[in-house]
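Subject: Structure handover

Hello,

Here is the structure I promised to pass on. Please open it first, then read my notes below.

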Amino acid sequence: MPSRRTVLAAGAGVTTALALGTSAHAGTSDDQRLRALISRMTLQEKVGQLFVARVYGHSATDPDQADIDANLKEIGVRTATELIAKYRVGGIIYFTWTHNTRNPRQIADLSNGIQKASLDQPRGLPVLIATDQEHGAVCRIGRPAALLPGAMAIGAGGSRADARAVGRISGTELRAMGVRQDYSPDADVNVNPANPIIGVRSFGADPDAVGALVAAEVEGYQAVGVAATAKHFPGHGDTAVDSHTGFPVITHSRELWEKLDAVPFRAAVKAGIDSVMTAHIQFPALDDSGDPATLSHPVVTGILRGELGYDGVVVTDSLGMAGVRTKYGDDRVPVLALKAGVDQLLDAPALDVAWNAVLKAVQGGELTESRLDESILRILRLKSRLGLLDRPYVNVKDVGRVVGTAQHLAAADRIAERTTTLLVNEGGLLPLSPRTHGTLLVVGADPASPSGTTGPPTGVLAAALSELGFSATALSTGTEPTAATIDRAVAAAQGVDAVVVGTYNVTAGGGQQRLVAQLVATGRPVVAVAVRNPYDVAQLPTAKACLAAYSWTDVELRAAARVIAGQVAPRGRLPVPVQRADDPAQVLYPIGHGLTYQTYVTDRA
C-alpha cells in the first residue's frame, strides 16, 4: 500500500483540505480550503464529481474478460481505472451482480485500486465508494463478512442499542473494505402490507419507533466513520407499486405525511445524517406537478432542505429505475435532479448520455457552474469529514482482523435471538423437544440469497435443528409448490414427528397455503416460519404454531431454530399490524403482539 506521503502527494492539492471535524454539515473555516479545490477543477471534473457510477469487475485494472465486455457495452470503457480517467466520477457503487464483492480482501484491493486511479489524475480527488448493505433482505457483501438482522427484525426487537450495534458492526467492516457510504438505513414507514419493494426493509409501521431506530443506526454507522443514508425521501412506505418497474403514487395528505412519513427523516436529520436518498415516487400533496420526488424542487429544496433544515448530501435512487424514467428521457433526468436540489446522481443507465447532458446544460446556461459548485462543496465536506481527503486508502492487512470476526458474528446471533416473534402457539406446541419430536421434516420456499452466500433456507433450518439434537431433513418445495410437490411433502411427513414450513409471501389460494393445509391434515404438528413478511400468518389459519423471522438469511433462521428448540425464548414483538385475510379492515394481530414461553435452557442476556 502506498505510504501516507505518497497518497497525499498524489492528491494534487488535496492536502489543504483537512477534516471538517464532527459538526454535521454546516460550513466552517475549512470551506475556504474546499472551495479552493473546487476553483481548480475544470468544468468536466466538476460534472464528474456529481456522478456515482457502477462498474463491472473485481479489480480496478484487471477484471475478468466478461466484465470488460460488459463495461465496454454499457459504459464504453474496459475497467474502473478507465472509467475514472474518462468521466472523473466522484463516487462508485458496488453491487454483487457487477462482481465487485467476491470477498473482503478483494473488495479492499478494489477500493484501493479505485482510489489510486482517481488520485493519479490531474487534481485527483478520492472517490466516495458506496453500497446497499442494509442487511436482511438487501445485502451486497456476503460471508465471511458479518450478516446482521434486517430492519424489520430490529423493529421487532425494539432495541435502540441493537440498532446502533448493527450500524457500528456493519460500518466497521465496510470501512475496512474501503466502503465509506452505506445506503442504509431505510427510513420508510411500511404501512402497506402489499408493498412489493419496502416491506421488511422498513423498521415497522409506527413512525416514532421507526424514527428512534433510524437515528440509532445512523449513530452507529457515523460513529465509526461511514456515512449513513436515510431513504427513500419523502417516504416509500405506502405503495403497492415497485419504483424499479413502475411509477408509484403516494396519496397521503400533507397532514398525514407530517405525522407518518416525515417523522423518521426528521429523526435522521436531528441525528446528523450524512446523506439522504430520494424516492422515484409521485407525491401530489407535496408537489402536484406529476414529477417524481427525485426531480421535484418543492420536495428536495423546499421541504427537505427548507423545512427539515437539511444541508447534507442528497443522492438519487438509481437513475435506471422506471419510476424516474417514465416522464422524462435519460438526458433530462440528471439535469432536472440537479435543478431540484440533488447532489449525487446514482447509477445512470447510460453514463455518457447523463454526463454529457449535465455538461451541455451548464454550457447552454440551463444550469450554472455555481449550482454545481454548491453540490460539490457538500460532497467534499462529506469526503473530508470521513477522512478520505487525508487517508483514502485502506490497509488490506487489517481486513482479516476486522471483517467477520468471532465477536461480530456472536453479536449478530445475540441480536437475532431478540427479534424472532412467536405469533401463534396453540396448545403450547412450542417449544419442541428432541425427546418428544425427535424427527423433523423441514419444507418450504428457498428464495435466492440476498448476498449470494447464504441458504438455502430449508437446508439452514434443518442443519440448525439437527445441531440442536433433532434429526431434521430438508425438502425444498418452492414459492409456488405444485400438486406433485405437495404430495411429495405430505408423503415425507408421514415418517416424522413434526414438520417445519418456511413460508415466503403466502397468497390466498396459492400453493404455499395449500401445502400448509395438507401437511396439517396429516395430523403431524406443523410449525410455520415466515421467512420474509410476517403478514403470512393471516393466510395460515390451520397452522398451530407460527413464527416470524423477517428474513431468510442464515442468522435469522438460526435464531428461529433456537426458538423452536426452546434454547431461547421468543422475545420479538410485531412492529407492523397484521390484518385479517378475510377482512383487511380488521386487525388480526396488532403492533406489539408477540408470545413467549419458558425455555429448556437459561436464556442468554
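Aspartate 242 counts as buried, because its relative accessibility is 18% and the cut-off for buried is under 20%. Keep in mind that this is a predicted model. Aspartate 242 sits in the loop between β7 (229–233) and α10. Which residues does aspartate 242 touch, leaving aside its neighbours within four places in sequence? They are Pro196, Ile197 and Pro248. Isoleucine 197 is 45 residues away from aspartate 242 in sequence, yet the two C-alpha atoms are 5.5 Å apart.

**Salt bridges**

The whole structure holds 41 salt bridges. In general, side chains of opposite charge can pair when their charged atoms come close. I picked out three pairs.

Start with arginine 164 and glutamate 219. Their closest N and O atoms are 3.2 Å apart. This pair links distant parts of the chain. Arginine 164 belongs to helix α8 (residues 160–176), and glutamate 219 to helix α9 (residues 207–223). They are 55 residues apart. Arginine 164 is partly exposed, at 33% relative accessibility. Glutamate 219 is partly exposed too, at 30%.

Next, glutamate 258 and arginine 254. Their side chains form a salt bridge at 3.0 Å, N to O. How far apart are they in helix α10 (residues 254–259)? They are 4 residues apart, so about one helical turn separates them. In general, an α-helix has 3.6 residues a turn, so residues three or four places apart point the same way. Glutamate 258 is partly exposed at 28%. Arginine 254 is partly exposed at 29%.

Then aspartate 343 and arginine 378, which meet at 2.8 Å, N to O. Aspartate 343 lies in the loop between α14 (333–340) and β10 (345–346), and arginine 378 in helix α16 (residues 369–385), so their bridge ties together parts that are 35 residues apart in sequence. Are these two partners buried or exposed? Aspartate 343 is buried, with a relative accessible area of 0%. Arginine 378 also counts as buried, at 13%. Salt bridges with shared partners join both of them into one network with Asp31, Arg35, Arg305, Asp311 and Arg381.

**Helix α14**

The loop holding aspartate 343 follows α14. That helix is mostly covered: 7 of its 8 residues are buried. The buried ones are Val333, Pro334, Val335, Leu336, Ala337, Leu338 and Ala340. What covers them includes α12 (297–307), α13 (322–325), β10, α15 and α16.

Take α15 (residues 351–363). Its axis and that of α14 are 8 Å apart, and the two helices pack at an angle of about 55 degrees. That makes α14 oblique to α15. On the α14 side, Pro334, Val335 and Leu338 take part in the contact. On the α15 side, the residues are Ala354, Ala357, Val358 and Ala361. Just after α14, glycine 341 has a positive phi of about 125 degrees.

**The six-stranded sheet**

Now the sheet. It is open, and its 6 strands run in the order β11-β16-β15-β14-β12-β13. The pairing is mixed. Which strands sit at the edges? They are β11 (421–425) and β13, and each pairs on one side only. On average, neighbouring strands are turned by 20 degrees against each other, direction ignored.

At one edge, β11 runs antiparallel to strand β16 (residues 545–548), and 4 bridges join them. Leucine 422 has leucine 547 in β16 as its bridge partner.

At the other edge, strand β12 (residues 439–444) and strand β13 (residues 471–476) run parallel, joined by 6 bridges. Threonine 439 has serine 471 in β13 as its bridge partner. With helix α19 (residues 457–467), β12 and β13 make a right-handed β-α-β unit.

Two further helices belong in this picture. Helix α20 (residues 483–493) lies across β12, β13 and β14 (498–503), and runs at about 170 degrees to β12. Helix α21 (residues 511–520) packs on the sheet as well, touching β12, β14 and β15 (526–530). The direction of α21 makes about 170 degrees with that of β14.

Over to you.

Best wishes

Technical notes. Residues numbered from 1 in each chain as written. Predicted model: local features only at pLDDT ≥ 70, side-chain atom pairs only at ≥ 80, totals over all residues. Heavy atoms only, no water. Salt bridge = Lys/Arg side-chain N within 4 Å of Asp/Glu carboxyl O. Buried < 20%, exposed > 50% of the residue type's maximum accessible area, 1.4 Å probe, protein only. Pairing = 2+ DSSP bridges. Right-handed = clockwise from strand over helix to strand, strands pointing away. Axes fitted to C-alpha atoms, helices over the stretch in contact; angles between N-to-C directions. Parallel < 35°, antiparallel > 145°, perpendicular 65-115°, else oblique. Contact = heavy atoms within 4.5 Å.
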